[in-house]
Amino acid sequence: MIRALNIVILVFISIPLCANEIKIQGTISDQSNKMLQYVSIGIVNKTIGTVSDINGKFELIINKRDISDKDTLRFSMIGYESKSFPLSEIIYHTDLKIQLNQKIVTIPEVIVTGKKLKTKIKGTKHFPVPLYVGVIDSTVQDFTLGSSIARSLNISHENTRIENIRFFLYSNFDTTSIRINIYSIRRRKPYKSILTEGIYTQITGKTHDWVSVDLKPYNIVVNEDIVIAIEWVGRSKNGSYLFFPLARPSAASHFYRQGCQNKWEKYPGMSCLMELTLKY
C-alpha cells in the first residue's frame, strides 16, 4: 500500500483574487537587459514563492493574513547577486522591474594528475518502505514552483568529481523543468550553493522512471560532504502533479523546502531516490 508523507504534501486551489489578496508582478533582467528565466522569487522564511518564466516575468498572489510589515521579498539566481526588498515598500507595485548583477566568481585551481581515477556510485535506489513527497499544482497559480527536495551525501576523498546524477520522478505534466543545485552544509542543513552556473534539464512526456543528467560539462569538484537538491522550476499547462518517491531506512538525511526562499526542513533516516556517479 502506498503511504503518503502528508507533512510535506502541498495542495493549492486556484481561486479568484479577492479583497484579502495582493498581487505582485514584474520582470527580471540582467545588466544587459536580457530577461532572466528561472529566478527564484519568494518571501524569506515563508512558503510563498515562485520562479520567473521564459520572458523573465513573474507573479505572486499573496493573502494579507500570511504576511507582515517585517517580511522581505528576495530575488536570487545561481551566478547572480541576490536582491532583497522590504515587502512593505513594494507590496502595491503592479509592474516591478528588477535587475540582477552577475556575480564575479573565482574558480578554484584544478590539479590534473596522471593517476587512474576510481568510479563509485553513491545514493539510494531501493524501495524498502515507499513514501512519496509531492506537489499538487493549481493550473493557474505557480506558488509551488521553486520548491525543492534534497539529500545529504558523504564525500570521503579529496578532489571528488561529480559526473552524473539520476533521480526517480513521477509526473503527469507534458513537460517538466528541473534545476540541479549543490550546497555546502552548515549546522547539518543546506547552506550555500557551490555552483557558479545553473544546471537545468527538461523532461518531456509523462514520466514514471529514472531521470539521468550528465554533470561532466560543469566540472564539479568537491572536497567535503554536500547536499544535492532537485528544484521544480517549470511545467507545461497540461498536468496536475509531480512526485518524488522516498525510501527508508537510509543513512542519508532528506531535506525539503516549500517555497524557494523558505527554510529547509530535515527528515533524518530517509532519502529521495537519487544516485550520483563520482570519480576520485
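**An open sheet and the largest pocket**

I would like to begin with a sheet, in which four strands lie in the order β5-β4-β7-β8, forming an open arrangement with antiparallel pairing. At its edges are β5, residues 49-51, and β8, residues 83-86, each of which pairs on one side only. Direction ignored, neighbouring strands in this sheet are turned against each other by 15° on average. Please keep in mind throughout that what we are looking at is a predicted model.

As a general reminder, the strands of a sheet pair through backbone hydrogen bonds, and they may do so in a parallel or an antiparallel way. Here, strand β7, which covers residues 72-76, runs antiparallel to β8 and is joined to β8 by four bridges. To take one position that you can find for yourselves, R74 has S84 in β8 as its bridge partner.

Strand β7 also brings us to the largest pocket, since at least two residues of the pocket lining are supplied by each of β7, β14 (175-186) and β15 (189-193). Which strand gives the largest share of that lining? It is β15, with five residues. The space in this pocket is about 890 Å³, and among the 32 residues lining the pocket, those closest to the centre are Y183, Y191, K192, S193 and R257.

Let me finish with the chain as a whole, which has one helix and 24 strands. Of its 280 residues, 51% are buried, and the accessible surface comes to about 14700 Å², with 49% of that belonging to carbon and sulfur atoms. Finally, if we take the contacts between residues at least 6 apart in sequence, 77% of them join residues at least 24 apart.

Conventions. Residues numbered from 1 in each chain as written. Predicted model: local features only at pLDDT ≥ 70, side-chain atom pairs only at ≥ 80, totals over all residues. Heavy atoms only, no water. Buried < 20%, exposed > 50% of the residue type's maximum accessible area, 1.4 Å probe, protein only. Contact = heavy atoms within 4.5 Å. Areas by Shrake-Rupley, 256 points an atom, 1.4 Å probe, with all protein chains shown as cover. Pairing = 2+ DSSP bridges. Axes fitted to C-alpha atoms, helices over the stretch in contact; angles between N-to-C directions. 1 Å grid on protein atoms, 1.4 Å probe; cavity = no way out; pocket = protein on both sides within 12 Å on 5 of 7 lines; lining within 4 Å. Points joined across faces, edges and corners; volume = space filled by probe spheres on them.
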